[in-house]
Amino acid sequence: MTEYQVDVLVAGAGPVGLLAAWQLARRGVSVRLVDTATGPATTSRALATHARSLEIYDQLGMLGDIAPHGTRVNGFIRHQGDRATRANYDFGDLVTRFPYMFNVDQVITERVLRGHAASAGIEVEWNTRLESFQQDVEGVTVMLRSGGEGAAPETVRARYLWGCDGGHSTVRKLLQLPLKGESAATWLTADAIVHTDLERDAVHSLSSPSGALMMFPFPDPGKWRLLDTSGEGELEQPEQIARQFSAKLSHALGREIVVDTPTWTAKFTIQQRAVPAMHVGRCFVSGDAAHVHSPAGGQGLNTGIQDAYNLAWKLAMVVHGQADAVLLDSYDAERVPVGQTLLASTGAVTNSAMAGTTPRDAQNSDRSFIRQLIWNSSGLSIAYSDSPLTVPDDEPGKGPRPGQRLTQISAADAQSPGWMVLRALLRTSAWHLLVFVGSVQPADQDQVSGDTLSLPAWVDTVTISRRRLAADDHGVWDSDGRVQDTLAANDGDWILVRPDGYLSARGTGNTHLREALDRLTSLHV
Ligand SMILES: Cc1cc2nc3c(=O)[nH]c(=O)nc-3n(C[C@H](O)[C@H](O)[C@H](O)COP(=O)(O)OP(=O)(O)OC[C@H]3O[C@@H](n4cnc5c(N)ncnc54)[C@H](O)[C@@H]3O)c2cc1C
C-alpha cells in the first residue's frame, strides 16, 4: 500500500492554482500548493472578467470581495474615422444576472483567491519549484526544490498532481502533452492615465496607420489598459511609449489625446495553442498550462477558472471514494473542446483587431460582429451536453436543460425570495437534487421523496415549494413561484445539479430519477 503525504499537489499559485487548491481544501482534500516565484505577482495582466466567471465567483461566495475593486463595461465602441459604433452588452437568449464585462486587475483577483484559500487552510509555499515527477498506478512522486538551485530537493508522494503552472508548464512538458497551435504577431500593452472624454463604461477599438489600438477602462479614475497591435516601442522608454500612444490615439480620434507615462508596459507574442488532452493518468493540467490565447478576447484567466472549478469537485469525490477514477475522464471530455473552440473565437477577434476591421462576412454589420464577440467571450453558452455526466432529455422542453448551467436568471429574478434562498443553498459543495412539490401535495405514488429513494450522502435534497415550509424543512419557499417558472418545472419534477452548477439530469418521479442516477455510472449512488 502506498503511503501518501498529500492527496493533491498543486503546482502554480496563479489564479487557477489558487482556485484549485481552495476548492479541494474546502472539500476536505489535503493539498500542498507550491510556486517557484518568491511571492505573489504584482504586474497587471488580466483585466476582463466575463459573466460566467462572475456567476462562479458568486456561487463561491467571493463576488463581494471582488466587486468593490472593478468597473462595469457595458459596451464596445468601434471608432472608424468620424464614425463610432457602439454595441451594448446584449446577451440575447443567454440570460444572466451579470449582463456585462467586469474589469478588475488580476492582482486583486489573486489576492482575493489567496485570502479564501488561506481561510480553508492553504498557505502558498513560495520559492518552491516543481522540478520533476514520476507517476505509477497508485500515485505520483514529485521532486520539489525550495530556496534555489543550491538547496536540497524534497520528494513528495501524492495521489494526484495538478499542474497550474502557466504557459511554460513543467507538468505539461513532462507529460509530453503538445501545445498545438500557432504564434502570431507581437503586441505592445501599457497601463496609463489617458486625458480623454471617451466613455469609460466601454472598450474602445481604433485604427492607426500602423495597426489597431484598443482601450480597456480600469476602475481607477482616468486609467486605461492600452493595446497596440503594431508592437512598436521600446519598453525601457516609457515616456516614448506615452508619446507614441498620444500621437496614435490623437490621429485615430482626430483630436488631441494626452497619455501620461505608463505604470506598466509589456510586449507579448500572441499565442493560440491548446493541448489535445488535459490529463494523463494521475496528472492534470489547467489554465495557461493547457491553453494559451490572444489576450484580445480576455479569455485566459476566465477559462482557467472554469477548468479548476470543473475538476476540483471531481477529484474530491474520487479521493473520498464517492466516485470511480473514471469520473476524471469527464474533465477532458468537457474542457478540451472548450479550449479548442476558444482558439477559433479568440483567433477571429485577434485577426479583426489586427486588421482594424471586422471579418469580411460581417463588415457591413459591426454590431452583429461585436454581439457575437460578446456572446463568445461571456462563457455563458458553454454547455456539457455530450458529457458522460449528462443524461440527455427524452423530450427537450423549456428552462435549463441537462448539460447547461442552472442559474439562467436575470438580476431581477435572482432577487426573488426563492432564488435568494436557493442561491445560498447552492454555495455548499454538494450535488443538489431540487424537488418541486408545488402548492398542492400530489397524490401520485411516483413522487420523489427521501423516504422512498435512498440517496448517497453527497446529494443534498432541496424541496422547492410554493407553500410556506415548516421551520425544520430543508428547502426553498418559492413564494412568488419565480424559481419554478424560470426553471420551467412542474409539480413532481426534479432537477439534479452538479456541484459546479450545471444540470446533470431532469425529469419527473422516482422511477425516472433512479434511471438517471443509474446512467451516471462513475458515481457511487
Ligand atoms: C497583458 C495580458 C492581458 C491579459 N488579459 C486577460 C484578460 O483580460 N482576461 C483573461 O481572462 N485573461 C487575460 N490574460 C491572461 C491571464 O493573465 C492568464 O490566462 C492567467 O494568468 C493564467 O493563470 P494561470 O494560473 O493558469 O497561470 P499563471 O498566472 O501564469 O500562474 C502560473 C504560476 O505557476 C508558477 N510556476 C511556473 N512553473 C512552476 C513550477 N515548475 N513549479 C512551481 N510553480 C511554477 C508561476 O510562478 C506562476 O505563479 C492576460 C494576459 C496578459 C499577459
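Thr49 sits opposite Phe102 of β7 in this predicted model. The pairing behind that match is antiparallel, with 2 bridges joining β3 to β7 (residues 101-103). Add β4 and there is an open sheet of 3 strands, in the order β3-β7-β4, again with antiparallel pairing. The edges go to β3 (48-49) and β4 (71-73); each has a single partner strand, so one side of each has no neighbour in the sheet.

Then there is the ligand. Its shell counts 31 residues, and those that come nearest are Asp35, Gln106, Asp288, Leu301 and Asn302. By character, the shell splits into 13 nonpolar, 12 polar and 6 charged residues. Several elements chip in with at least two shell residues each: the helices α1 (15-25) and α7 (300-319), plus the strands β8 (128-135) and β16 (264-274).

As for polar contacts, a polar backbone atom of Leu301 lies 2.8 Å from an oxygen atom of the ligand. Gly300 also offers a polar backbone atom, this one 3.3 Å from a ligand oxygen. On the nitrogen side, a ligand nitrogen is 3.3 Å from an N or O atom in the Arg129 side chain. Taken alone, the ligand would expose 1,000 Å², and the protein buries 83% of that.

How far can the model be trusted? The mean pLDDT of the protein is 91, with 93% of residues at 70 or more. Residues 358-364 are another matter: pLDDT there is below 50, and the stretch has 9 contacts in the model beyond near neighbours in sequence. Where pLDDT is low, the predicted coordinates should not be read in detail.

Terms used. Residues numbered from 1 in each chain as written. Predicted model: local features only at pLDDT ≥ 70, side-chain atom pairs only at ≥ 80, totals over all residues. Heavy atoms only, no water. Near = heavy atom within 4 Å. Polar contact = N/O pair within 3.5 Å; in protein donor to acceptor, adjacent residues only side chain to side chain. Areas by Shrake-Rupley, 256 points an atom, 1.4 Å probe, with all protein chains shown as cover. Helix = DSSP H or I, 4+ residues; strand = E, 2+ residues; numbered from the N terminus. Nonpolar A, V, L, I, M, F, W, Y, C, P; charged D, E, K, R; others polar. pLDDT = per-residue confidence, 0-100. Contact = heavy atoms within 4.5 Å. Pairing = 2+ DSSP bridges.
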